[in-house]
Amino acid sequence: MRGTFRRLRAWLNRLTTTQLAVGIAVLSAMALTGSLFVTSTAVRMDQREKAALAALADYVTMSDKLAAEASFTRENISAGDAAYLSAWLTAFQSGPGRIEDARTLEDTCRTGRGGAGVRFIRAPVGKPAGLSELETVRGERAPRLGDDVYILRLGQGVLCSGRPVEVVVVRRSVGALDIAVGRVVDASGDAWGWAVAAVVGAGVLMVAIGLIAATFARRRLTNAVAQVSLALDRAAVGDFSLRAPETALAPELTELTGHVNLTLDRLEELLSWLRDSADQLAHDFRTPLARASARMDRLAETASSPEARALIAEARADLAGINRAMTDAMSLRDGEAWSFEPVSLDTLVRQAAELYQPLAEERGVELKVVAAPVSVLGVRSLLQRAVTNLVDNAVKYSPDGGMVTLFAGQQGGRPVLSVTDQGPGFAAARAQAGTDGRESHGMGLAFVRAILKRHGAAMTIDDAAPGAVVTAQFSR
């Protein structure tokens with residue numbers, strides 16, 4: 001039982017709000033249809049009871065009339081009496097003695113409404129009079145409606161040429177006479193017609209309300225999710241000025257929007273702390289670096305030997321590299337100032353190849369560009385730094401006469417950029433960490449990985465046998 005309930009709950013959880021609303025409306029319509037069936041049964045029974053009461057009243061009237069006319073027994077009835085009864089039945093059927101609320105047979109056949117009376121009399125002698133089917137059709141006994149009461153279904157053409165009818169018949173005897181008195185049952189009745197109209201109208205109204213409610217709920221949820229997504233998208237590019245509105249949204253998402261805003265507040269607080277820490281570190285490092293650079297300049301003026309001058313030049317290059325790395329780190333820190341725009345990856349790889357072509361020619365390294373038009377959404381300056389960083393590593397550590405391949409295009413429907421060299425490659429642990437363990441442009445692969453991650457791209461490092469291939473796969 002619990003397993004069935006869990007499966008049902010899991011199935012319901014997979015349905016959308018629109019599907020649930022439509023399902024509820026359909027179930028409501030089915031319930032109304034069931035009530036319509038029950039109502040139709042009740043109305044049908046009521047119509048039969050009315051016809052049975054009218055037939056019993058007709059029978060009583062006929063019995064009284066026959067008793068007033070004569071007392072017929074099997075011993076004293078004659079053929080003339082039978083002819084008289086036939087004529088009397090015809091007069092009773094359509095004459096002044098007819099029950100006031102009975103409709104004529106023509107009215108019943110024309111309108112389909114019940115109420116018309118039908119009669120049949122059989123005497124021991126002579127011909128019977130009236131509708132013979134009232135005696136020959138077996139019918140269904142209805143003890144709930146009364147003793148000797150039957151429900152007959154007369155096919156098309158028996159009583160009405162254009163339609164079948166249902167008749168409630170009372171079959172009894174008066175002396176030597178066998179009498180069958182019936183009334184045509186109302187096919188629908190006013191009550192039934194109003195019931196059908198009410199149920200059908202309510203069903204249509206409920207389905208319409210369900211569809212309108214589902215559309216409204218879906219639009220409300222869609223707008224609410226769009227507001228939350230917009231706040232998250234802005235935060236993804238470093239802009240924490242927008243928050244998901246916690247009011248005037250779908251009530252189902254009120255708690256979610258509250259948690260989202262709390263998370264964004266916490267992230268903004270942490271990033272502000274990191275930004276302040278980075279500013280303090282930059283200030284703490286740049287002052288000693290500036291002093292060290294000035295002292296190196298003074299030391300270079302006093303250096304007399306070539307070895308000393310070479311060491312001083314290397315130290316100054318190291319200081320410049322540290323200063324450049326700090327600049328790159330600060331550019332990553334200032335994410336809120338980035339301007340995202342469409343950036344052509346094929347243009348970036350061609351520019352990087354042109355920039356490093358002179359260095360490659362000095363080393364005898366061939367730069368090969370394989371590029372197809374492809375664009376991503378990002379910060380042009382940062383992506384340019386990442387590409388030049390990768391090309392710088394590849395050219396610097398490729399063997400003389402080697403080849404560096406720059407690729408930009410699409411793979412699997414996504415933008416891809418890769419740089420392949422024929423150098424010594426990377427150790428698995430260092431490649432996974434995104435560090436190369438050697439000098440490189442800026443902060444190396446860690447810097448590249450940070451830029452790519454900020455742009456929603458994944459960086460992988462694979463063995464090119466020989467060398468390595470660094471691939472950046474973008475999601476947008």
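This briefing walks through a sheet and its helices, a disulfide, and a few single residues.

The model is a predicted one. Its chain has twelve helices and 13 strands, and 36% of the 476 residues count as buried. If you look at contacts with a separation of 6 or more, 65% of them come from residues 24 or more positions apart.

**The five-stranded sheet**

- Start with the open sheet: five strands, lined up in the order S8-S10-S11-S13-S12, with mixed pairing.
- Its edges are strand S8 (366-371) and strand S12 (457-463), each of which pairs on one side only.
- On average, and ignoring direction, neighbouring strands here are turned by 15° against each other.
- S8 and strand S10 (residues 403-411) run parallel and are joined by six bridges.
- At that pairing, look for Leu-367, which stands opposite Val-404 in S10.

**Helices on the sheet**

- Helix H10 (residues 380-397) packs on the sheet and touches S8, S10, strand S11 (414-420) and strand S13 (468-474).
- The direction of H10 makes about 30° with that of S11.
- Helix H12 (residues 445-454) also packs on the sheet, where it touches S12 and S13; its direction makes about 140° with that of S12.
- H10 has 18 residues, which should span 26 Å at 1.5 Å a residue, and its end C-alpha atoms are indeed 26 Å apart.
- Plenty of H10 is tucked away: its buried residues include Leu-382, Leu-383, Ala-386, Val-387 and Leu-390.
- Polar side chains are on that buried list too, among them Thr-388, Asn-389, Asp-392 and Asn-393.

**Around strand S11**

- S10 and S11 run antiparallel, with seven bridges between them.
- One of the pairs to find there is Gly-409 with its bridge partner in S11, Val-416.
- The hairpin of S10 and S11 has two residues between the strands, and Gly-412 in this hairpin takes a positive phi near 65°.
- On to the next pairing: S11 and S13 are antiparallel as well, joined by five bridges.
- Val-416 turns up again here, with Gln-473 as its bridge partner in S13.
- S11 is mostly covered, with five of its seven residues buried.

**Helix H9, the bent one**

- Helix H9 (residues 345-363) has 19 residues and reaches 26 Å from first C-alpha to last, close to the 27 Å expected at 1.5 Å a residue.
- There is a bend of about 50° at Gln-357 in H9, and a proline, Pro-358, follows within four residues.
- The buried residues of H9 include Leu-345, Asp-346, Leu-348, Val-349 and Ala-360.
- Tyr-356 sits in helix H9 and has a relative accessible area of 9%, under the 20% cut-off, so it counts as buried.
- From Tyr-356 to Leu-367 is eleven residues in sequence and 8.5 Å in space, C-alpha to C-alpha.
- Just after H9 comes Gly-364, with a positive phi of about 75°.

**The disulfide**

- Searching the whole structure turns up one disulfide.
- The disulfide joins Cys-109 to Cys-160, with the sulfurs 1.9 Å apart.
- The torsion about the S-S bond is about -80°, so this disulfide is left-handed.
- It links distant parts of the chain, as the two cysteines are 51 residues apart.
- Cys-109 lies in helix H4 (residues 105-111), while Cys-160 lies in the loop between strand S4 (149-154) and strand S5 (165-174).
- Cys-109 is partly exposed, at 24% relative accessible area, whereas Cys-160 is buried, at 1%.

**Asn-323 and its contacts**

- Asn-323 is found in helix H8 (residues 306-333).
- Its relative accessible area is 35%, which falls between the 20% and 50% cut-offs, so Asn-323 is partly exposed.
- Leaving aside neighbours within four places in sequence, Asn-323 is in contact with Arg-286 and Leu-289.
- Arg-286 is 37 residues away from Asn-323 along the chain, yet their C-alpha atoms are separated by 7.4 Å.

Conventions
Residues are numbered from 1 along each chain as its sequence is written. This is a predicted model: local features need pLDDT of at least 70, side-chain atom pairs count only at pLDDT 80 or more; totals for chains, interfaces and linings use all residues. Side-chain values use heavy atoms; hydrogens and water are left out. Two strands pair if DSSP finds at least two bridges between them. Axes are lines fitted to C-alpha atoms, for helices over the stretch in contact, and angles run from 0 to 180 degrees between N-to-C directions. Contact means heavy atoms within 4.5 Å. A disulfide is a pair of cysteine sulfur atoms within 2.5 Å. Buried means under 20% relative accessible area, exposed over 50%, partly exposed in between (1.4 Å probe, protein chains only). The expected span of a helix is 1.5 Å times one less than its number of residues. The bend at a residue is the angle between axes fitted to the seven residues ending there and the seven starting there.
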